[in-house]
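Here's a quick briefing on how the protein chains meet each other and the DNA. Have the model open while you read.

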There are 4 protein chains.
Amino acid sequence: MGLESYRRRVSEQKRRSIMEAARAEFQGNGFTHAAMAEIARKADVSTATLYKHFGSKEELFNAVIEESYALIGIDLDVADSSKTAKEALKSATNDYLNAQFGTGLNALMRAIISETSGDPEVGRAYLARGVGRRMEDLKTFIDRLVARKLLKKHDTEVSAMQVSGMIKENFIWPAMFDPDFKIPANKDKIISEALDTFLARYGA
Amino acid sequence: MGLESYRRRVSEQKRRSIMEAARAEFQGNGFTHAAMAEIARKADVSTATLYKHFGSKEELFNAVIEESYALIGIDLDVADSSKTAKEALKSATNDYLNAQFGTGLNALMRAIISETSGDPEVGRAYLARGVGRRMEDLKTFIDRLVARKLLKKHDTEVSAMQVSGMIKENFIWPAMFDPDFKIPANKDKIISEALDTFLARYGA
Amino acid sequence: MGLESYRRRVSEQKRRSIMEAARAEFQGNGFTHAAMAEIARKADVSTATLYKHFGSKEELFNAVIEESYALIGIDLDVADSSKTAKEALKSATNDYLNAQFGTGLNALMRAIISETSGDPEVGRAYLARGVGRRMEDLKTFIDRLVARKLLKKHDTEVSAMQVSGMIKENFIWPAMFDPDFKIPANKDKIISEALDTFLARYGA
Amino acid sequence: MGLESYRRRVSEQKRRSIMEAARAEFQGNGFTHAAMAEIARKADVSTATLYKHFGSKEELFNAVIEESYALIGIDLDVADSSKTAKEALKSATNDYLNAQFGTGLNALMRAIISETSGDPEVGRAYLARGVGRRMEDLKTFIDRLVARKLLKKHDTEVSAMQVSGMIKENFIWPAMFDPDFKIPANKDKIISEALDTFLARYGA
DNA sequence: CATGAATGAGTATTCATTCAT
DNA sequence: AATGAATGAATACTCATTCAT
């Protein structure tokens with residue numbers, strides 16, 4: 001047992017180290033310009049070991065994306081515990097922006113978009129499992145606010161897209177075209193304004 | 001002088017033919033996977049001629065992007081001639097979507113985003129001259145509606161981002177991750193809903 | 001002592017299992033494309049164990065070839081018991097073809113020829129110990145037929161090469177260039193014709 | 001016209017230089033171990049130029065083989081001009097051996113056999129267009145000797161294989177297993193003996 | 001002024017062999 | 001004695017760009 005568990009532990013460590021190196025490389029250079037040799041070097045393993053863990057560059061890229069899905073959840077409890085709809089939505093928005101900007105997700109999204117021309121499946125998968133799941137969470141979030149009568153009854157699938165769009169336009173879209181884009185200083189005002197527009201229509 | 005003008009005309013034709021081939025290639029394959037040799041072949045010129053006109057792949061790409069800026073203007077007159085704010089905005093939105101989907105701009109935007117990791121200037125230029133200029137147009141458009149008292153007085157810089165975001169979220173964002181994305185059948189309803197939300201806050 | 005003999009037995013089994021896996025792999029893919037990892041997998045041992053038994057790929061290959069020498073003997077008794085020279089030679093020829101086609105020797109010979117460019121010793125060893133020994137057997141075989149006066153006295157070293165060549169040209173040579181080559185339907189006629197030519201000169 | 005013909009000439013020269021380098025490399029190392037970079041180096045061209053001329057390693061290999069087919073023809077006129085069948089056949093045999101040993105065909109054949117396990121088409125093509133065509137020539141050659149009544153009427157398809165086999169067994173077969181194999185000193189005697197056996201059956 | 005052949009730098013992937021447990 | 005994870009060297013092929021004519 002000692003040997004086996006030792007090996008598993010070492011193997012796990014290498015795998016993690018590869019994943020992190022790969023994430024950094026993909027975020028920095030996009031899929032095409034990321035070099036497997038460089039990832040191996042950063043992860044301090046040989047290329048052969050890298051290929052033992054991930055059969056191909058695509059597979060490694062997908063693993064990195066897959067892992068990133070975990071980062072984009074929304075804390076639904078906030079919808080139940082907040083006093084007002086605006087407070088709840090503000091909190092959810094901040095969580096979202098923190099995840100997006102704190103973990104390099106913007107760069108990863110650029111990489112995915114890059115790869116989409118060459119391999120549409122990558123993009124579609126992200127649409128379904130990344131963007132799509134977050135949108136479902138957001139809808140559920142809003143549904144709870146409706147249930148608590150903090151918002152009017154309405155088509156939450158539609159409204160989720162609207163509030164999401166207003167936020168993305170200000171923070172995510174610019175980040176797609178500028179790797180150095182930082183969250184602007186007047187973040188809170190922008191969010192507040194977006195939520196006010198949202199609430200003008202859907203507020204209780 | 002006839003000879004000179006003849007030559008200039010021929011040269012102009014080649015330049016055009018190169019631009020068109022390049023646009024097709026970049027839209028189809030993205031920046032990285034577009035091949036200069038293929039562009040030359042499509043344009044029916046030699047690679048050397050291609051390089052006479054455009055010093056590098058980047059330069060050619062920038063020229064194509066530059067040209068695309070012309071496609072994304074908004075017809076401001078509609079703001080003056082429409083009966084209601086909703087009608088005006090609906091018309092502007094449709095113009096926008098037609099330009100975006102009718103001319104392959106989505107694919108070009110994917111290409112720009114791809115290139116942004118490698119050469120941030122490209123993305124920033126697009127942000128300023130492409131996205132930015134359209135946003136200015138939109139602001140002016142809304143200003144005119146305000147002037148006509150079809151909308152309340154308000155911070156139009158903010159509201160322009162909001163309405164733009166709601167539209168992009170539904171139509172442009174998915175297109176970034178799926179080359180085969182088509183405008184959905186319920187387009188009109190989506191637009192109408194977005195505008196209603198907008199008007200709930202900013203309507204006169 | 002029981003433990004030691006147990007171990008030796010297990011070790012022998014592993015060795016056998018490796019040899020068989022190696023033979024299959026070499027016959028199927030040739031020397032270069034045979035993969036040590038695959039041989040280990042087929043033999044159900046680790047690569048390290050494989051290397052304990054055979055120090056290198058070449059060594060393993062040589063062991064497989066060595067073993068194959070046993071397959072190419074000629075039954076000399078037939079020369080004494082047959083009624084006619086033709087019958088005797090026909091029988092020997094059939095034995096030869098059965099060994100060659102029944103045990104995958106053709107594929108192994110292709111592998112040896114392949115390796116000959118890289119490591120001439122392999123080929124020369126086969127020439128001496130494989131082909132050569134069979135040729136000696138054949139010479140002895142013919143000598144006995146001469147002794148029984150079923151054939152004229154003659155230079156049997158020369159005649160052995162001749163009859164062997166006529167057979168190989170029809171059956172072995174094509175097999176070198178076509179892995180799917182099967183013994184043709186008119187085998188018996190071809191053999192008979194070859195022997196007739198042989199006997200036209202050397203028959204009593 | 002000057003430019004075009006100049007280019008064609010240069011291109012032809014490069015192609016020739018590549019072919020020769022490739023032939024040497026393939027003959028020396030077999031297909032698998034031949035390195036495209038080394039061929040390019042020997043031919044004094046870049047690898048890219050090499051790939052302009054030959055789209056892949058396989059293609060280059062096939063071109064080399066194809067070219068070698070030209071070397072293995074038999075001079076049929078000898079069948080008409082010789083005084084005796086033995087003289088004619090001796091001459092044809094010597095031509096064959098000169099071609100085979102003088103141009104490195106043996107090494108090329110080893111390379112083809114090597115590749116046959118991985119890509120059977122290569123071997124089969126050689127069987128049909130290389131070996132096969134020479135066999136047809138030989139049959140025609142013998143047919144002419146029959147026509148001149150220097151040989152009995154007989155099944156020349158069969159006899160061609162027989163004489164060919166007797167020669168190969170002595171000279172070609174050993175060369176397959178030994179890159180350093182040289183034509184033995186008693187070549188003439190071996191040939192003479194083989195032809196005597198042939199003539200014992202088919203001589204007029 | 002136009003050509004297209006030539007370049008050379010760059011990269012994913014494989015495999016025989018070793019070594020820490 | 002056995003394991004199997006790790007190694008590192010080796011190789012076919014592509015593409016933006018230049019240059020001799």
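Chains C and D meet through the same surface, because 100% of the interface residues of chain C are also interface residues in chain D. Two residues are in contact here if their C-beta atoms, placed from the backbone, lie within 7 Å. Keep in mind that this is a predicted model: local features need pLDDT of at least 70, side-chain atom pairs count only at pLDDT 80 or more, and totals for chains, interfaces and linings use all residues. Residues are numbered from 1 along each chain as its sequence is written, while chains are lettered from A and ligands numbered from 1 in the order in which they are written.

**Chains C and D**

- A turn of 179° with a shift of 0.0 Å along the axis lays chain C on chain D with an RMSD of 0.3 Å (a least-squares fit on the C-alpha atoms of residues with pLDDT of at least 70 in both).
- That is the relation of a two-fold axis.
- On the contact count, 39 residues of chain C touch 41 residues of chain D.
- Elements giving two or more residues to chain C's side are α1 (2-33), α7 (105-118), α8 (120-147), α9 (156-177) and α10 (helices are DSSP runs of H or I, at least four residues, numbered from the N terminus).
- The largest share of that side, 13 residues, comes from α9(C).

**The α10 pair**

- Helix α10 (residues 187-202) of chain C and its namesake in chain D have axes that come within 8 Å and cross at roughly 95° (axes are lines fitted to C-alpha atoms over the stretch in contact, with angles from 0 to 180 degrees between N-to-C directions).
- That makes α10(C) roughly perpendicular to α10(D), a label that covers 65 to 115 degrees.
- Asp196(C), Thr197(C), Phe198(C), Ala200(C) and Arg201(C) make the contact with Asp196(D), Thr197(D), Phe198(D), Ala200(D) and Arg201(D).

**Chains A and B**

- Here 40 residues of chain A are in contact with 39 residues of chain B.
- α9(A) gives the largest share of chain A's side, 13 residues.

**DNA strands**

- There are 37 residues around DNA strand E, and Ala48(A), Ala48(B), Ala48(C), Ala48(D) and Thr49(D) come nearest (a residue is near a strand if its C-beta atom, placed from the backbone, lies within 6 Å of it).
- For DNA strand F there are 38 residues around it, with Ala48(A), Thr49(A), Ala48(B), Ala48(C) and Ala48(D) coming nearest.

Terms used
Parallel < 35°, antiparallel > 145°, perpendicular 65-115°, else oblique.
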